[in-house]
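This report goes through the fold, the strand pairing, the nonpolar cores and the aromatic contacts of one protein. The sequence and the model come first.

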Amino acid sequence: MEKKYTVTIVASLILVPILLWLFYSQNDSQSRSNIICEKSHSGKGVDTTNKGGTKVSQVNLSVNGHEMIVTLAKTKAADKLIERLQVQSLTLKLNEYGSFEKVGDLNFSLPSSDRQMKTSPGDIVLYQGNEISIFYGSNSWSYTPLGKIDNVSTNKLKKILGTSNVIVRFSIAH
């Protein structure tokens with residue numbers, strides 16, 4: 001009986017670290033695949049004004065060689081996104097979802113103030129505090145608004161985003 005317990009304990013001591021290593025290495029590789037490049041935020045008190053002292057209310061969005069302007073929502077999440085973008089641009093892999101949006105993990109959290117809303121093409125929203133969605137169709141759900149792509153038709157936006165996964169880049173114009 002004592003041998004049985006000894007074998008069980010030894011097997012546990014060997015298997016548990018292996019399983020933990022597999023779990024954490026898989027999660028790390030998934031996180032790295034979603035964020036292509038991002039400089040870490042220093043945590044210093046970066047404000048949401050540009051070099052001229054004007055509050056930043058728009059950011060650039062680059063998708064498949066197309067440059068677009070996004071007018072930001074007046075939310076804490078959008079303000080925190082600006083703070084991050086002032087440190088470094090953000091490049092993300094967004095996955096096709098539901099034939100109406102592209103969605104991807106930010107790999108960091110933003111403050112959420114979700115509200116039930118119906119999205120429309122060009123809307124950019126925060127989902128569950130750590131995912132970003134760009135809509136080329138519409139959906140009704142609870143989101144935190146981040147912004148809206150300016151001056152692009154639904155058909156043009158669908159063509160720009162395409163039908164598969166896409167790499168997008170958010171940045172602040174300097």
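Is strand β2 (residues 58-63) mostly covered or mostly exposed, and how many of its six residues are buried? Strand β2 is mostly covered, with five of the six residues buried. Buried means under 20% relative accessible area, exposed over 50%, and partly exposed in between, with a 1.4 Å probe and protein chains only.

The model is predicted: local features need pLDDT of at least 70, side-chain atom pairs count only at pLDDT 80 or more, and totals for chains, interfaces and linings use all residues. Residues are numbered from 1 along each chain as its sequence is written, and side-chain values use heavy atoms, with hydrogens and water left out.

**Overall fold**

The protein has three helices and ten strands, in the order α-β-β-β-α-β-β-β-β-β-β-α-β from the N terminus. Helices (H or I, at least four residues) and strands (E, at least two) are DSSP runs, numbered from the N terminus. Of the 174 residues, 35% count as buried. About 10500 Å² is exposed, and carbon and sulfur atoms supply 54% of it; these areas come from the Shrake-Rupley method with a 1.4 Å probe, and for residues only the protein chains shown count as cover. Among contacts (heavy atoms within 4.5 Å) between residues at least 6 apart in sequence, 67% join residues at least 24 apart.

**Strand pairing**

Two strands pair if DSSP finds at least two bridges between them. The table lists four antiparallel pairs.

| Strands | Bridges | Residues opposite each other |
|---|---|---|
| β2 and β3 (residues 66-72) | six bridges | S62 and E67 |
| β2 and β10 | four bridges | S62 and R169 |
| β4 (residues 90-97) and β10 (residues 166-171) | five bridges | L94 and V166 |
| β4 and β5 (residues 101-105) | three bridges | E96 and K102 |

Strand β10 thus appears with both β2 and β4. The hairpin of β2 and β3 has two residues between the strands, and N64 takes a positive phi near 50° there. In the hairpin of β4 and β5, with three residues between the strands, G98 has a positive phi near 65°.

**Nonpolar cores**

A nonpolar core is a set of buried Ala, Val, Leu, Ile, Met, Phe, Trp, Tyr and Cys residues joined through side-chain atoms within 4.5 Å. The largest has 32 residues, of which L61, I124, I134, V168 and F170 touch the most other members. Helix α2 (residues 76-87) gives the largest share of this core, five residues. Another core of five residues lies apart from it and includes F100, M117, V125 and F135.

Neighbours within four places in sequence aside, the contacts of I124 include L61, V70, I132, I134, P145, L146 and F170.

**Aromatic contacts**

Rings of Phe, Tyr and Trp (its six-membered ring) pair if their centres lie within 6.5 Å; planes under 30 degrees apart count as stacked, over 60 as edge-to-face and the rest as tilted. The whole structure holds four aromatic pairs. One of them, F100 with F135, is stacked, at 6.1 Å centre to centre and 10° between the planes. F100 lies in the loop between β4 and β5 and F135 in strand β8 (residues 131-135), so this pair ties together parts 35 residues apart in sequence. F100 is buried at a relative accessible area of 17%, and F135 is buried at 0%. The pair of F135 and Y143 is edge-to-face because the ring centres are 5.5 Å apart and the planes at 70°. Y97, F100, Y127, F135 and Y143 form one aromatic cluster.
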